[in-house]
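Work through the following exercises with the sequence and the model side by side. Try each task on your own before reading its solution.

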Amino acid sequence: MKIDIIGDIHGCYKEFDTLTQELGYKWDNGIPLHPDGRILGFVGDLTDRGPESLKVVELVWRLVVKEKTAHYVPGNHCNKLYRFFIGNKVQITHGLETTVEEFQSLEKKVQREIRNKFVALYESAPLHLILDDKKLVIAHAGIREDYIGKNNSRVKTFVLYGDITGEKHPDGSPVRRDWARNYQGKAVIVYGHTPVEEPRIVNNTYNIDTGCVFGGKLTALRYPEMELVSVPSSMPFTEEKFRKIDEE
């Protein structure tokens, strides 16, 4: 299997376009398709904070649901947008407000179409993907080895939010354990969720959320080559959004 896994896009459609072209994809039919049959994978968090969230949604829906030429797992921002779309009460904060503003500027008919597409995309997605004869796992915030293949509420919390302790940092962000530091599995785990300035490779795990929406870059991991490819962000750099994780 040859797959190019894309980090958290967060509405940065232009950077996604540029990255796919850098990876050799052609947009002849309005979607990125690779002449050598490579496919795309998405680690979730397609929307929020960036300028073109709904454009990203439509494209990924077409690739994953309609054309069946890509893989997608949801992130925590995807989960929150899904709950908003199905009428649950959610706080329109932490980036969701940008997507909601985009959505509310559309005509009612177009709103229904985009809502239906995203709901279909989300509801068809597994919590995590196990690919290439169990040699590759894609999960938004990562996954513990003993959770792979399971789909209970603990696994859902872990893959959406990481190994959270229930405590909060002074800025309100959740305290997370460094699960990757203790991972001993053979499967490659590719994830995002926590913005890092450079891809973080630890114990066969790859964090490829390089904070595009915060002015970093958008990164892809080419599998099985294990080659990292990035393009710079057009957004302003926001240093405090990047996690400094102790590598010792």
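Two strands are said to pair if DSSP finds at least two bridges between them, and helices (H or I, at least four residues) and strands (E, at least two) are DSSP runs numbered from the N terminus. This is a predicted model, in which local features need pLDDT of at least 70 and side-chain atom pairs count only at pLDDT 80 or more, while totals for chains, interfaces and linings use all residues. Residues are numbered from 1 along each chain as its sequence is written, and side-chain values use heavy atoms, with hydrogens and water left out.

**Exercise 1.** Determine the strand order of the open sheet that contains β1, and name its edge strands.

*Solution.* Begin with β1 (residues 3-6), which pairs with β2 (residues 39-42) in the parallel sense over four bridges; within this pair, I6 stands opposite F42. Extending the search to the other partners gives an open sheet of five strands in the order β3-β2-β1-β11-β12, with mixed pairing. The edge strands are β3 (70-72) and β12 (227-232), since each of them pairs on one side only. The twist from one strand to the next averages 20 degrees, where axes are lines fitted to C-alpha atoms, for helices over the stretch in contact, and angles run from 0 to 180 degrees between N-to-C directions.

**Exercise 2.** Determine the strand order of the open sheet that contains β4, and describe how β4 pairs with β5.

*Solution.* This open sheet of five strands has the order β4-β5-β8-β10-β9, and its pairing is mixed. Its edges are formed by β4 (129-131) and β9 (200-202), each with a partner on one side only. Between β4 and β5 (residues 136-138) there are three bridges in the antiparallel sense, and L129 is found opposite I138 of β5.

**Exercise 3.** Which residues of α4 are buried, and against which helices do they pack?

*Solution.* First fix the term: buried means under 20% relative accessible area, exposed over 50%, and partly exposed in between, with a 1.4 Å probe and protein chains only. By this rule L96, T99, V100 and F103 are buried in α4, which covers residues 96-104. Seen down the axis of α4, these residues fall within an arc of 100 degrees, so they line one face of the helix; the arc is that of the directions from the helix axis to the C-beta atoms. They pack against α2 (53-66), α3 (76-85) and α5 (108-123), where contact means heavy atoms within 4.5 Å.

**Exercise 4.** Describe the hairpin formed by β6 and β7, and say how many residues of β6 are buried.

*Solution.* β6 (residues 164-168) is hardly covered, for the count of buried residues among its five residues is zero. Two bridges join β6 to β7 (residues 174-176), and the two strands run antiparallel, with K168 opposite P174. Five residues lie between the strands of this hairpin, and G172 in the turn has a positive phi of about 95 degrees.

**Exercise 5.** Locate D48 and K68, and decide for each whether the residue is buried or exposed.

*Solution.* D48 is found in the loop between β2 and α2 and has a positive phi of about 85 degrees, although it is not a glycine. With a relative accessible area of 0%, D48 is buried. K68, in the loop between α2 and β3, likewise is not a glycine and has a positive phi of about 55 degrees. At 64% relative accessibility, however, K68 counts as exposed.
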